[in-house]
Every structure is written in C-alpha cells, then in structure tokens.
Amino acid sequence: MSNQTSAPGKVILLGEHAVVYGIPAIAVPLSTLRVNVTWTKVDGNNFQILANDLKNKDIEVKSEVNNPDHPLTRIVLAVLDHYNAPPPSFCFEIKSDIPIASGLGSGAAVSTALGRAVARSIGLDIPNEILNQFVYDIEKIHHGTPSGIDNTVIVYEEAIKYVKDISIEPLKLHTPFTLLIADTGVTALTHESVGDVRRLYETDRDKIQGIFDKIQTIVKLAVDSIEHGKLEKLGQLMTSNHKLLQQLTVSSPQLDKLVDVAINAGSLGAKLSGGGRGGNMITLVHESKRDIIRDKLLQAGAVRVIQANVQ
Ligand code: PMV
C-alpha cells in the first residue's frame, strides 16, 4: 500500500443556494487541483500533522490530537474512533494546491485526504459513504448548515447531480468540457450569503420559491445537455442561472463584471459559483477561445484564472 492519499477540489456548476432548499444541483471535481497527504513513521507515541501549505489567513494550523475542536483533529479522531484505534505513531504531511477560502473545496478536500490517510496508515480503506459523513460533519464547523454537495463531489470525485438528503447521481459526460475559474480576489463567507437567502425566503416565500423553481428547470435541462454533449445550451443555462443568483442577491459587481467580460469575449456562458458575493466566477469555453478569454478576465481584475478540464 502506498503512503499517499489525495482528494480533488470542486466547483458547483449549477444550482447553488437553491440546493439548500432541496433543489438539485450539479457539481464537478477539479481533478488537477489536489490535496495530497503522505505519512512517515515517527518514534514513540507521537502523532503529528504538518500543514504548512494551509498556513494562510483563514485556517489556523495547530493540530495536535489534544486540540479536539480543530477541524484537522476532528477528522483524525472521527476515523480513529470509528475503527476503535489509538492514534498511530505517524507524521502526516498535508500539501495542497487548492486555493484556500475561495469556494474551491479546500476544507473538504483536506478532510477527505487526511481521513483516508489516517485509515490507510492503520491498514484500512475507509468506505466513501462513511468518510463522506465524517467530512460533512466537519463542513458544518466551517459553514453552519451546508447542503452536503461539496463533501460529496470531493469524496466521490465524479460529476454529480445532488439532491440534499435524497440522492447522489453520477453524471455521464457525453463530451469533456473546459471551464475557466476566475477569482475575484474578494473573500466572502458562504454562511452569510446562505443566511441572507434564508431571510429573503422567509420574507417572501412565493417569490423566492419561484426563483428556486426556475433554477430546478435549469438544472434539469443542464443534466440533459451534459449527457448529450450540448455545450452551447449548457453555457446558456449557466448564464440564466447567474441571473437568478443575482435576484437572490448573492452576486457582486466584481462577479457581474467577470461574467460580462467572459461572455463578451466569446465564452459559451458564465456564472458565479458557490456562495457568491466574492469567490469565483466560472465560464464554459471553447478551446479556441480559451486564451483570449483568460487574458480578458485577468485584464478585468481577476486575481487568478484556473483552467479545469471536466471529463
Ligand atoms: O461557497 P461554496 O463553494 O462552499 O458553495 C456553497 C454552496 C451553497 O449552495 C451556497 C451552500 C451549500 O451548502 O450548498
């Protein structure tokens, strides 16, 4: 058995926010952006986690087993408790190329790769179904009331249609496609935008439910487009979804600007992805237009543009 595990990043393609209310959403793994965990034996009863890559503004790295509330410790303890095993004498090293706190699934990917590593270090392969539940429990520390879509797409590492508490359906892509993911550079807290949508919903249930219903139709058509390779249609659906997210008040001037720039530069469609208000915009592009669209997004103020080949 190798002493390395990993997990991918993710983006939500369609259906964020509405997914919290039981509407289906689509998410895809970003298999080229990964968290890797390796482990080596250490002397005595030491258990260590090295996470220098995560030393960044939003994640405090202090992860001994005697700090049981830290998310890194929580996943370790969840796995060890599950197998009724003592902490192994290993040093686990986490390396990540997923940007932190930008809606690309860094937290869930770290929990997933580390949970797998701890199980593997005691000679076991943890089933995805169990790991997914543990990672979800940790997502709740970060995000309050997450729908569960992030942990699910990351643990299973396949494109999924997800309905909260009901179903996880793998999607069969007819044709691979390319996304550009442009970071506004603005950090926004998902639980705040989710809370604001909740307040809107409680204030005017009929109106907001009407928006969710339109998103449901979009997601349904998008599944068909993905499974039949209708990429132009998929792009249009993404742009329509963005307009509905604007009505839910979770877009921002920067996100709207990047969406407009992508569309004007010839992309097939574009939208915010994830919690919104900041974070990332995603756009579906033809290979032939990829470079020009990337340049335009950078000129328009994107702090980073990542290419994702979804297959
Ligand atoms: O901000 P992200 O990428 O973690 O996505 C949040 C997605 C929401 O639908 C807004 C919330 C959720 O829990 O599904």
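Let me start with Gly269, whose bridge partner in strand E9 is Leu284, and please keep in mind throughout that what we are looking at is a predicted model. That pair belongs to the contact between E8 and E9, the latter covering residues 280-285, where five bridges join the two strands and the run is antiparallel.

Stepping back to the sheet as a whole, we have four strands in the order E8-E9-E7-E10, forming an open sheet with antiparallel pairing. At its edges lie E8, residues 269-273, and E10, residues 304-310, each of which pairs on one side only. If we ignore direction, neighbouring strands here are turned against each other by 25 degrees on average.

What lies across this sheet? Helix H9, residues 287-299, lies across E7, E9 and E10, and with respect to E10 it runs at about 155 degrees.

That brings me to the interior. The largest nonpolar core has 98 residues, and the members that touch the most others are Leu13, Leu114, Leu179 and Leu297. Taking Leu179 as an example, and setting aside residues up to four places away in sequence, its contacts include Val11, Leu13, Val28 and Met238, together with Thr283 and Leu284, and also Ile306, Ala308 and Val310. Leu284, you will recall, is the bridge partner of Gly269.

Now to helix H1, residues 71-82. How far should its twelve residues span? At 1.5 Å a residue the expectation is 16 Å, and the end C-alpha atoms are indeed 16 Å apart, so the two agree. Within H1, the buried residues are Leu72, Thr73, Ile75, Val76, Val79 and Leu80. Because these cover an arc of only 165 degrees around the axis, they sit on the same side of H1. As for what they pack against, the partners are two strands, E3 at 48-50 and E4 at 90-96, and two helices, H2 at 106-121 and H3 at 128-143. After H1 comes Asn84, which has a positive phi, near 55 degrees.

My last stop is His242, which is placed in helix H7, residues 231-247. Is this histidine buried or exposed? With a relative accessible area of 3%, His242 falls under the 20% cut-off and is therefore buried. Leaving out neighbours within four places in sequence, His242 is in contact with Ser251, Asp256 and Val259, as well as with Ala270, Lys271 and Leu272. Those last three residues fall in the range 269-273, that is, in edge strand E8, which returns us to the strand where I began, the one that E9 joins through five bridges.

Note on methods. Residues are numbered from 1 along each chain as its sequence is written. This is a predicted model: local features need pLDDT of at least 70, side-chain atom pairs count only at pLDDT 80 or more; totals for chains, interfaces and linings use all residues. Side-chain values use heavy atoms; hydrogens and water are left out. Two strands pair if DSSP finds at least two bridges between them. Axes are lines fitted to C-alpha atoms, for helices over the stretch in contact, and angles run from 0 to 180 degrees between N-to-C directions. Contact means heavy atoms within 4.5 Å. A nonpolar core is a set of buried Ala, Val, Leu, Ile, Met, Phe, Trp, Tyr and Cys residues joined through side-chain atoms within 4.5 Å. Buried means under 20% relative accessible area, exposed over 50%, partly exposed in between (1.4 Å probe, protein chains only). The expected span of a helix is 1.5 Å times one less than its number of residues. The arc is that of the directions from the helix axis to the C-beta atoms.
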